[in-house]
Amino acid sequence: ETPVATLAAVPRAVREIIEATPDTRFDRCHLLRCTERALQFETVYFVTRPDYRTYADAQQSINLRILEAFRAMEVSFIATAPTPIQLHPLTGPVADAGGQQRLL
């Protein structure tokens with residue numbers, strides 16, 4: 001339910017967040033795919049210092065700031081619950097794809 005104009009502003013907002021994060025270099029952000037459950041953006045940036053802690057700190061900061069920005073922009077999120085699966089034990093012979101009987 002997020003307005004198209006708001007979605008169009010996402011790449012700019014993400015770019016500003018990444019450019020304000022120390023030791024990062026923004027490359028791109030695009031809306032790549034629209035599915036029935038999600039609008040998927042792809043964002044690429046580089047961490048300019050070659051150590052894991054710098055990467056992890058940057059990633060956390062970026063993610064938190066993106067969440068803050070999306071809430072301020074009123075970007076809608078839909079929480080989905082996992083689909084429950086019920087497993088039932090099979091007893092006795094079962095026919096495989098070739099019609100052969102086998103026990104499970």
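**Figure 1. Twelve side chains make the largest nonpolar core of this predicted model.** The largest nonpolar core has 12 residues: Val10, Val14, Ile17, Ile18, Phe26, Cys29, Tyr45, Ile62, Ile66, Ala69, Phe70 and Val75. Which elements give two or more residues to this core? They are α1, β1 (24-34) and α2. For the wider setting, the protein has 2 helices and 4 strands, and from the N terminus on they follow the order α-β-β-α-β-β. Of the 104 residues of the protein, 21% count as buried.

**Figure 2. Here we zoom in on Val14 and Ile66, two members of the core.** Start with Val14: leaving out residues up to four places away in sequence, Val14 touches Cys29, Thr43 and Ile66. Now switch to Ile66, which sits in helix α2. Is Ile66 buried or exposed? Its relative accessibility is 16%, and buried means under 20%, so Ile66 counts as buried. Once neighbours within four places in sequence are set aside, Ile66 is in contact with Val14 and Ile17. Try finding Val10 as well: Ile66 and Val10 are 56 residues apart in sequence, yet their C-alpha atoms are 9.2 Å apart in space. Looking at the protein as a whole, take the contacts between residues at least 6 apart in sequence: 39% of them join residues at least 24 apart.

**Figure 3. Thr6 is a buried residue in helix α1.** Helix α1 covers residues 4-19, and Thr6 is part of it. With 15% relative accessibility, Thr6 counts as buried. What does Thr6 touch, apart from its neighbours within four places in sequence? Thr6 is in contact with Met73 and Val75. You have already met Val75, as it is listed in the largest nonpolar core.

**Figure 4. Tyr52 and Tyr55 form an aromatic pair.** A search of the whole structure turns up 1 aromatic pair. The ring centres of Tyr52 and Tyr55 are 5.5 Å apart and the planes meet at 55 degrees, so this pair is tilted. Where are the two residues? Both belong to helix α2, 3 residues apart, which is about one turn of the helix. Tyr52 counts as exposed, at 63% relative accessibility. Tyr55 is partly exposed, with a relative accessible area of 34%.

**Figure 5. Leu64, Leu67 and Phe77 make a nonpolar patch on the surface.** This patch comes to about 290 Å². One of its residues, Leu67, lies in helix α2 (residues 52-73). How accessible is Leu67? Its relative accessible area is 33%, so Leu67 is partly exposed. As for the protein overall, its accessible surface is about 8,400 Å², and 54% of that belongs to carbon and sulfur atoms.

**Figure 6. Two loop residues, Asp23 and Glu74, have a positive phi.** Here's the background: most residues other than glycine have a negative phi. Phi of Asp23, though, is near 65 degrees. You'll find Asp23 in the loop between α1 and β1, and this residue is partly exposed, with a relative accessible area of 29%. What about Glu74 and its phi? That angle is near 60 degrees, again a positive value in a residue other than glycine. Glu74 sits in the loop between α2 and β3 (93-95). At 64% relative accessibility, Glu74 counts as exposed.

Methods
Residues are numbered from 1 along each chain as its sequence is written. This is a predicted model: local features need pLDDT of at least 70, side-chain atom pairs count only at pLDDT 80 or more; totals for chains, interfaces and linings use all residues. Side-chain values use heavy atoms; hydrogens and water are left out. Patches are made of residues with over 30% relative accessible area and no salt bridge: like charges are joined within 9 Å, nonpolar side chains (Val, Leu, Ile, Met, Phe, Trp, Tyr) within 5 Å. Accessible areas come from the Shrake-Rupley method with a 1.4 Å probe; for residues, only the protein chains shown count as cover. A salt bridge is a side-chain nitrogen of Lys or Arg within 4 Å of a carboxyl oxygen of Asp or Glu. Buried means under 20% relative accessible area, exposed over 50%, partly exposed in between (1.4 Å probe, protein chains only). Contact means heavy atoms within 4.5 Å. A nonpolar core is a set of buried Ala, Val, Leu, Ile, Met, Phe, Trp, Tyr and Cys residues joined through side-chain atoms within 4.5 Å. Rings of Phe, Tyr and Trp (its six-membered ring) pair if their centres lie within 6.5 Å; planes under 30 degrees apart count as stacked, over 60 as edge-to-face and the rest as tilted.
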